[in-house]
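User: I would like to go through this structure with you and ask, for each label you attach to it, what justifies that label.

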Amino acid sequence: MPAVHQPIANSSHANGSATADLPTTVHPITIIPTTQTNTTINPASVPNFFDDLLHQIPLPLWAIYTIFAVGALLILICCLCICICCCKEKKKRHQKKDEKINLIGVNGNTTTALVQPDVADVDYGSTEQQRGKLLYSLEYNAALSELTVGIKEANSLKAMDLGGSSDPYVKVYICPDKSKTFETKVFRKTLKPIFNEQFSFQISKSSLLKSTVVMKVFDFNRFAKHDIIGELRFQLSGVDWNHVIEEWQDLAEPTKLEEEELGEICFSLRYVPTASKLTVVILEAKNLKSMDIGGFSDPYVKVQLALDKRKWKKRKTSMKKKTLSPYYNESFTFDVTFEQIQRVNLVISVWDHDAMTRNDAMGKIFLGCDAAGNQLRHWADMLSNPRRPVAQWHSLLSAEQVNSTLSLKKKIPLRHKLPR
Ligand SMILES: [Ca+2]
Ligand SMILES: [Ca+2]
């Protein structure tokens, strides 16, 4: 650029001072103005161009400006609309995703672990209508002071196991005098079991009016705590006992009104008929009640055999200090002939050791020819699998409940045999 300007200055000097100079110097002068006009016209010509364009449009200036403004406004509105639509689409997609996750959770697939709070909520909300229903019957014989509860069948039960099934059985007892609890047989892998079982309770008319029949449907699990599917409570006051009651009712959410959690115990049973040996292995217990100050117990387990309802043989495990989940793995072998095993009851009880005072009973359970429900099932499994140990968890019952059930078994047949 400086190389261009200098020749201009020089040329003007040359132009004004002498005309007699060389004419060759004139050439750049004629060239330079053309380049100068080129650079100076360009910036000024842009507004001029628009001005010319505006003047060419056969409309007044204000009209053109308003057209431009309205156009800009329309474009702005269009952009806004597109933005809002995009946002809504995104929200919808998020919602659909959430719904999908919840459904997967309910179906029990592996993703449950990832969305646990959602699953818990869904599960809680759906429990009301999904427990199933139970057909039962109630009949009172005033002359015999006997209430007969019939557990007929269940339908549309809630699936508690993987694979979408349950192993249902029903527990029946009367409140508040919960001295006797009955259990139906366990039905494997079904949501519509037909029980057709009847249970009789000795109860006077006066206490009948203050009592409630409780029917609890459980899912059996061999190696885990049994899950409650649902329950029914039937108040016995104000019932017309001239008729037999028989009805279907929807199972309700279980309450913990009279439930006393005494813990669970796991043991294995093995019977070898050829050697006449019954082996009981006390494996472990959990969720036991705390009996001592400090929230612990010192549990040990008594293993008793009764033959024809009479105390026969007795052993016990070691004592485990300050624990509510003791592990024993202690084995006891008894001589029991094949003829005797048909008349034997095995009583297993958990006790808390106390150095200064009497030991307290923490829970009890019995198996054998007079047992019912899961206890009978474990016993039957042992007999049908000779030489093979069969282990199972059992929920402990109160000592009073087990004692009364065992002794009641003795009394009821006698009572029926007596002449009236
Ligand atoms: Ca089960
Ligand atoms: Ca103790």
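**Reasons behind the labels**

Analyst: Let me begin with one pairing in this predicted model: β11 and strand β12 (residues 310–316) run antiparallel and are joined by 6 bridges.

User: What makes β11 and β12 a pair, and which residue of β12 is the bridge partner of A306?

Analyst: Two strands pair if there are at least two bridges between them, and β11 and β12 have 6, so the condition for a pair is met. Within this pairing, A306 has K311 of β12 as its bridge partner. The two strands form a hairpin with 2 residues between them, and D308, in the turn, has a positive phi of about 55 degrees.

User: How do you know that L278 is buried or exposed?

Analyst: A residue is buried if 20 or more other C-beta atoms lie within 10 Å of its own; L278 has 23 C-beta neighbours inside 10 Å, and therefore counts as buried. L278 lies in strand β10, and, leaving aside neighbours within four places in sequence, L278 is in contact with Y271, F334, V336 and I341. L278 and T333 are 55 residues apart in sequence, yet their C-alpha atoms are 5.6 Å apart in space.

User: Which strands stand at the edges of the sheet that contains β10, and why?

Analyst: That open sheet has 4 strands in the order β13-β10-β9-β16, with antiparallel pairing. β13 (327–335) and β16 each have a single partner strand, so one side of each is left without a neighbour in the sheet, and these two stand at the edges. The twist averages 20 degrees from one strand to the next. Inside the sheet, β9 and β10 run antiparallel and are joined by 9 bridges, with I265 standing opposite A285 in β10.

User: What is the strand order of the other open sheet, the one with β1 and β8 in it?

Analyst: The order is β5-β2-β1-β8, again an open sheet of 4 strands with antiparallel pairing. β5 (194–202) and β8 (245–250) are its edge strands, because each has a single partner strand and one side of each is left without a neighbour in the sheet. For this sheet, too, the twist from one strand to the next averages 20 degrees. Strand β1 (residues 133–141) is joined to strand β2 (residues 146–155) by 9 bridges, the two running antiparallel, and S137 stands opposite G150 in β2.

User: How do you know that the span of helix α7 agrees with its number of residues?

Analyst: Helix α7 (residues 373–384) has 12 residues, which at 1.5 Å a residue should span 16 Å; the expected span uses one less than the number of residues. The end C-alpha atoms of α7 are 16 Å apart, which agrees with that expectation. As for its setting, α7 lies across β9 and β16, running at about 170 degrees to β16. The buried residues of α7 are N374, Q375, R377, H378, W379 and M382, and what covers them includes β4 (181–183), β9 (264–272), β15 (360–368) and β16 (390–395).

User: Which residues touch the most other members of the largest nonpolar core, and which element gives the most to it?

Analyst: The largest nonpolar core has 33 residues, of which L346, I348 and V350 touch the most other members. Two or more residues come from each of β9, β10 (277–286), β11 (299–307), β14 (344–352), β15 and α7, and β14 gives the most, with 6 residues. I348, for its part, is in contact with I265, F267, V301, V303 and I365, leaving aside its neighbours within four places in sequence. A second, separate core of 24 residues includes V149, I174, F201 and V217.

User: Where in the chain does the pLDDT stay under 50?

Analyst: Residues 408–420 are one such stretch, with 3 contacts in the model beyond four places in sequence. Residues 1–41 also have pLDDT below 50, with 8 contacts beyond near neighbours in sequence. Among the elements, helix α1 (residues 2–17) has the lowest mean pLDDT, 40, and β13 the highest, 97. For the chain, the mean pLDDT is 76, and 71% of the residues reach 70 or more.

Technical notes
Residues numbered from 1 in each chain as written. Chains lettered and ligands numbered in written order. Predicted model: local features only at pLDDT ≥ 70, side-chain atom pairs only at ≥ 80, totals over all residues. Axes fitted to C-alpha atoms, helices over the stretch in contact; angles between N-to-C directions. Buried ≥ 20, exposed ≤ 12 C-beta atoms within 10 Å, placed from the backbone. Contact = placed C-beta atoms within 7 Å. Core = buried A, V, L, I, M, F, W, Y, C linked by C-beta atoms within 7 Å. pLDDT = per-residue confidence, 0-100.
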